[in-house]
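The exercises below ask you to work through side-chain pairings, ring geometry, backbone angles and nonpolar packing in one structure. Please try each task with the coordinates open before reading its solution.

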Amino acid sequence: MKNVLSLYVLKRFMTQLAFMLAALTGILLLFDLLANAEDITAENEQVFFPLIFYMMLRLPALISLIIPMSVLMASIMTFAKLASEREMIAMENAGVTLYRVLGVIMCGVIFVGALQFALNDVIGVKAADTLNKWESRNYTGLPEEEEAPHIPNWFTSDDYIVNIASASKDGHKLHDLVITGRDENKLLSEYYTASHADFEDTSWVLYDVYYKNLETAAEFQTKTMPFEMTVTPQRFSSFNKSVEALKFSELWLLGRNKAGAQNRPSYYYAVWFHYKITQPLGALVMVLMAAPLALILARRGGLVLGGT
């Protein structure tokens, strides 16, 4: 009997959640489309297809954004409906406590949170990257599947600031490098220049190197020098993406390895990593907020309920 009642509560909650998610996402998508419709259709001869394409690319981000609010509304509706129709009392008489009902809904939210995590890391990042490329072309045509990585003029790697003049298309060769190192107090302590750097096997090698220690004034020149950098050619593409288009693993590596570029320091990626982690967890907090609020309002008759 308890299992049957638990499944009944879970089914009612998931039904309410699906309804709220569809309704709120549809409203938000409509307003977003109206705000950007003129820009989308300005450079296109067709109207219908670009708008549909835009909605498909925006949908994963909007669903992820609206899930916590949908969970809050669905939880309030579920708890209040159970209380107002005296189903909560009947379930308590059958041995199903409020804590068990809360636990059932929490299990449903954990499942939804796992789907949200996968949606963000698999579909969401690809859609955001495609949308950014399309937007950079003023929404004309379709973006290319693969583009050569954009190499920033300067980037950080651990305690080093690296400035370059140019780079090869694949990012394996950097030209005219100026590298400054910092000590534990973030003060400049080392200075390097090199004519170029090649990524060989798994590490960088500097050529025609001039080195100076700014603390001791010691200096030397050498033809080649191995140089440890956490930034690899494959990671240059991450610097050129918006944070919405970066996977959890990419954000974690960029924040953990203290790698940044241009106006994005390493902590910028660390903040966004924690934001993307806590976004699915926020739905759990919404359930804990909704339970007491819904029961109080339902018992006082202050909540208008829709059908289920």
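**Exercise 1. Salt bridges**

Task: Establish how many salt bridges a search of the whole structure finds, and work out which parts of the sequence the pair Asp-32 and Arg-58 ties together.

Solution: The search of the whole structure, which is a predicted model, finds four salt bridges. Begin with Asp-32 and Arg-58, whose closest N and O atoms are 3.2 Å apart, which satisfies the cut-off of 4 Å. Next, place both residues: Asp-32 lies in helix H1 and Arg-58 in helix H2, so this pair ties together parts that are 26 residues apart in sequence. Asp-32 itself counts as buried, because its relative accessibility is 15% and buried means under 20%.

Turn then to Asp-198 and Lys-173, whose side chains meet in a salt bridge at 3.0 Å, N to O. Since Asp-198 belongs to strand E5 and Lys-173 to strand E4, the pair ties together parts that are 25 residues apart in sequence. Asp-198 is buried at 16% relative accessibility, whereas Lys-173, with a relative accessible area of 29%, is partly exposed.

Finally, consider Lys-133 and Asp-129, which form a salt bridge with their closest N and O atoms 3.4 Å apart. Both of these residues lie in helix H4, four residues apart, or about one turn of the helix, and both Lys-133 and Asp-129 are buried.

**Exercise 2. Aromatic pairs**

Task: Classify the pairs Phe-49 with Phe-53 and Tyr-192 with Tyr-211 from their centre distances and plane angles.

Solution: The whole structure contains 13 aromatic pairs. For Phe-49 and Phe-53 the centres are 6.0 Å apart and the planes make an angle of 20 degrees, and the pair is therefore stacked, the cut-off for stacking being under 30 degrees. The two residues are four apart in helix H2, which means a separation of about one helical turn. Phe-49 is partly exposed at 45% relative accessibility, while Phe-53 is buried at 17%.

For Tyr-192 and Tyr-211 the values are 4.8 Å centre to centre and 55 degrees between the planes, which makes the pair tilted. Because Tyr-192 lies in strand E5 (residues 188-200) and Tyr-211 in strand E6 (residues 203-213), the pair ties together parts 19 residues apart in sequence. Both Tyr-192 and Tyr-211 are buried.

As a last step, follow the ring pairs outward from Phe-49 and Phe-53: they link these two with Tyr-54, Trp-134 and Tyr-139 into a cluster.

**Exercise 3. Backbone angles**

Task: Compare the settings of Tyr-139 and Asp-176, and decide whether each is buried or partly exposed.

Solution: Most residues other than glycine have a negative phi. Tyr-139, however, has a positive phi of about 60 degrees, and Asp-176 has one of about 50 degrees. Tyr-139 sits in the loop between H4 and strand E1 (154-157) and is buried, with a relative accessible area of 7%. Asp-176, by contrast, is found in strand E4 (residues 173-182) and counts as partly exposed at 48%.

**Exercise 4. The largest nonpolar core**

Task: Identify which residues touch the most other members of the largest nonpolar core.

Solution: This core has 21 residues, of which Val-71, Met-91, Val-101 and Ile-105 touch the most other members. H1, H2, H3, H4 and H7 each supply at least two of its residues, and the largest share, six residues, comes from H4. Leaving aside residues up to four places away in sequence, Met-91 touches Leu-5, Val-9, Leu-82, Val-96 and Val-101.

Key:
Residues are numbered from 1 along each chain as its sequence is written. This is a predicted model: local features need pLDDT of at least 70, side-chain atom pairs count only at pLDDT 80 or more; totals for chains, interfaces and linings use all residues. Side-chain values use heavy atoms; hydrogens and water are left out. A nonpolar core is a set of buried Ala, Val, Leu, Ile, Met, Phe, Trp, Tyr and Cys residues joined through side-chain atoms within 4.5 Å. Buried means under 20% relative accessible area, exposed over 50%, partly exposed in between (1.4 Å probe, protein chains only). Contact means heavy atoms within 4.5 Å. Rings of Phe, Tyr and Trp (its six-membered ring) pair if their centres lie within 6.5 Å; planes under 30 degrees apart count as stacked, over 60 as edge-to-face and the rest as tilted.
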